[in-house]
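This report describes the fold, the core and selected local features of one protein chain. The sequence and the structure are shown first.

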Amino acid sequence: MTAPSLVIRPASEADLPAIVALLADDVLGRTREDPRLPLDPAYLSAFRAIAADPNQIQLVADAAGQILGTLQLTIIPGLSRKGRIRGQIEGVRVAGTARGQGLGETLIRHAIGIAADRGCSLVQLTTDLTRKDAHRFYERLGFTGSHLGMKLEI
């Protein structure tokens, strides 16, 4: 999506209902998110924690005031790979009505640019094994399925 009205910017608290709606507008998100207003206070608490941490950036794709995409970028200092800094991309969502127009690519490339500017030499992400379209999308952008991600609910 190359419309001149599209702006990729850090999210504000006012964007939170739209972000949660994007997270919920998804086969997997429907079972784990709750976009009903008023939002669960846990969302605001989490957003404020992200906003207060200089190594966290919640981005939105804003088209003339309509939030059409979001992702979270985390900058991770580490000792492995000779102390390389890496970026972790999470929670990538694009509105169903905006998919297939290049918005996701614009959003991801913007996040990669921020990561590079912050000294990252590697950007990583995880995607659910069932998201075959997402796998093809990330591979087209140059990501490789080099690792197996694992999670433990606690």
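## Strand β3 and residue Q72

In this predicted model, Q72 lies in strand β3, which covers residues 66–76. The side chain of Q72 makes a polar contact of 2.6 Å with the side chain of Q56. Beyond the residues up to four places away in sequence, Q72 touches I50, Q56, I57, Q58, Q88, I89 and E90.

Of the 11 residues of β3, 9 are buried, so the strand is largely enclosed by the rest of the structure. One residue of interest beside Q72 is L73, which stands opposite I57 in the strand pairing. With neighbours within four places in sequence set aside, L73 is in contact with N55, Q56, I57, G87, Q88, I89, A111, I114 and A115.

## The sheet

Five strands make up an open sheet with mixed pairing, in the order β1-β2-β3-β4-β5. The edge positions belong to β1 and β5 (120–125); each has a single partner strand, so one side of each is left without a neighbour in the sheet. From one strand to the next, the twist averages 25°.

Strand β3 is paired on either hand in this order. It runs antiparallel to β2, to which 8 bridges join it, and its pairing with β4 is also antiparallel, over 7 bridges. In the pairing with β2, Q66 of β3 is the bridge partner of A63; in the pairing with β4, I75 stands opposite G87. The hairpin of β2 and β3 has 2 residues between the strands, and A64 in this hairpin takes a positive phi near 55°.

## Helices against the sheet

Two helices can be described by their direction relative to β3. Helix α1 lies across β2, β3 and β4 and runs at about 85° to β3. Helix α5 lies across β1, β2, β3, β4 and β5, and its angle to β3 is about 30°.

## The nonpolar core

The largest nonpolar core contains 37 residues, and those with the most contacts inside it are L59, L71, L73, I89, L103 and I108. At least two residues of this core come from each of β1 (6–10), α1 (16–24), α3, β2 (56–63), β3, β4 (85–94), α5 (103–117) and α6 (132–140). Helix α5 gives the most, with 6 residues.

I108 is located in helix α5. Its relative accessibility is 0%, and I108 therefore counts as buried. Residues up to four places away in sequence not being counted, I108 touches L71, I89, V92, F137, Y138, L141 and F143. I108 and L59 are separated by 49 residues in sequence, while their C-alpha atoms are 9.9 Å apart in space.

## Aromatic residues

Aromatic pairs number 2 in the model. One of them joins Y138 and F143 in an edge-to-face arrangement, with 5.9 Å from centre to centre and 75° between the planes. Ring pairs link F137, Y138 and F143 into a cluster.

Both members of the edge-to-face pair are shielded according to their accessibility values: Y138 is buried, with a relative accessible area of 9%, and F143 counts as buried at 14% relative accessibility. The three residues of the cluster, F137, Y138 and F143, are also among the residues that I108 touches.

## Backbone features

Most residues other than glycine have a negative phi, and most peptide bonds are trans. Against this background, several positions deserve inspection. The peptide bond between L37 and P38 is cis, with omega about -5°. P38 belongs to the loop between α2 (29–32) and α3 (41–52).

Helix α4, residues 80–83, includes R81, and K82 is also placed in this helix. R81 is not a glycine, yet its phi is positive, at about 60°. K82, likewise a residue other than glycine, has a positive phi near 60°. In accessibility, R81 counts as partly exposed at 43%, whereas K82 counts as exposed at 86% relative accessibility.

Definitions and conventions:
Residues numbered from 1 in each chain as written. Predicted model: local features only at pLDDT ≥ 70, side-chain atom pairs only at ≥ 80, totals over all residues. Heavy atoms only, no water. Helix = DSSP H or I, 4+ residues; strand = E, 2+ residues; numbered from the N terminus. Polar contact = N/O pair within 3.5 Å; in protein donor to acceptor, adjacent residues only side chain to side chain. Contact = heavy atoms within 4.5 Å. Buried < 20%, exposed > 50% of the residue type's maximum accessible area, 1.4 Å probe, protein only. Core = buried A, V, L, I, M, F, W, Y, C linked by side-chain atoms within 4.5 Å. Phe/Tyr/Trp six-rings, centres within 6.5 Å; stacked < 30°, edge-to-face > 60°. Pairing = 2+ DSSP bridges. Axes fitted to C-alpha atoms, helices over the stretch in contact; angles between N-to-C directions.
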